[in-house]
Amino acid sequence: MPEVGHAVVTGCSSGIGRAIAARLLAEGWRVTGLSRRETDLGDGFSWRQADLADSRSLTEAVEGLPAADAVVHAAGLQRTGRLGSLDASALQEMFAVHVAAASTLADALVPSMPDGGRIVLLGSRTAAGAAGKSHYAATKAALLGLARSWAKELAPRRITVNVVSPGPTDTPMLSDPARADVPPVSTPLGHLVDPDDVAALVGLLVGPHGASITGQDYVICAGASL
């Protein structure tokens, strides 16, 4: 795989997805961003509208794209709830965006991906379990099963598949009223995770020095998982 190429990044309109897209552009990648809200990140960037909760919308958005050397699925949302007041529709929405969208993307883009390509799925430290976040945790944990399975399947083509799992990160999601009843945990390092730090780790995994890393889950959480 070349040191840089064409990357497809979901959730590019804000937060971690935007930071990842900007990082890859700075490193010389051509980036196609997929999101509901229009985004312009300058030279080398193209945007396609896609509702990540709608598999048909996502499939249509990636039709005709040039082959992707890297796919980064960063789009996400968080809905919280405790037993006795769980919302089944919230679970369905998070599963659609986190898990079904990852599956749709990989199924559409991996067949034409050059050997030596890269896939990175954005998970969460919460996948290990957190009170009040059972639905969110379950959908993020499902990404580990996808990534490990795809890593084994795609190893003969030297395509790597990894998960990056941030802890509490300084993004708009952290102040979303939909998660107000479960505030973010404090971190031993005393600060929230910087989206640019997550983007730097993703940049390593999709770059030439990520060639020997596959099937792994990298937690970046300012010590919250200690």
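These legends accompany four close-up views of a predicted model.

**View 1. Helix H1 and the glycine that follows it.** Helix H1 covers residues 15–26, and its length is a nice check on the geometry. At 1.5 Å a residue, the 12 residues should span 16 Å, and the C-alpha atoms at the two ends lie 17 Å apart, which agrees. Look along the helix for its buried residues: Ile16, Gly17, Ala19, Ile20, Ala21, Leu24 and Leu25. In an α-helix, residues three or four places apart point the same way, because there are 3.6 residues a turn. Just beyond H1, glycine 28 adopts a positive phi of about 100 degrees.

**View 2. Two residues other than glycine with positive phi, arginine 158 and alanine 222.** Arginine 158 sits in the loop that joins helix H4 (134–154) to strand E6 (160–166), and its phi is near 60 degrees. For alanine 222, in the segment after strand E7 (217–220), phi is near 55 degrees. Which of the two words, buried or exposed, fits arginine 158? With a relative accessible area of 51%, arginine 158 is exposed, since the cut-off for that word is over 50%. Alanine 222, by contrast, has a relative accessible area of 10% and is therefore buried, a word that applies under 20%.

**View 3. The largest cavity and its lining.** The model holds two cavities of 30 Å³ or more, and the largest has about 70 Å³ of space. Its lining is made up of 13 residues; those nearest the centre of the cavity are Arg79, Thr80, Gly81, Leu86 and His135. Helix H3 (88–109) and H4 each contribute at least two lining residues, with H4 giving the largest share, three residues. By class, the lining of this largest cavity comprises four nonpolar, six polar and three charged residues.

**View 4. The second largest cavity and its nonpolar lining.** Here the volume is about 40 Å³. Around this second largest cavity you will find Val71, Ala102, Leu105, Ala106, Val110, Ile119, Leu121 and Trp150. Which element supplies the largest share of this lining? That share, three residues, belongs to H3, while H3 and strand E5 (118–122) each provide at least two. The lining of the second largest cavity has eight nonpolar residues, with no polar and no charged ones. In the largest cavity, for its part, six polar and three charged residues join four nonpolar ones.

Key
Residues numbered from 1 in each chain as written. Predicted model: local features only at pLDDT ≥ 70, side-chain atom pairs only at ≥ 80, totals over all residues. Heavy atoms only, no water. Helix = DSSP H or I, 4+ residues; strand = E, 2+ residues; numbered from the N terminus. Expected span 1.5 Å × (residues − 1). Buried < 20%, exposed > 50% of the residue type's maximum accessible area, 1.4 Å probe, protein only. 1 Å grid on protein atoms, 1.4 Å probe; cavity = no way out; pocket = protein on both sides within 12 Å on 5 of 7 lines; lining within 4 Å. Points joined across faces, edges and corners; volume = space filled by probe spheres on them. Nonpolar A, V, L, I, M, F, W, Y, C, P; charged D, E, K, R; others polar.
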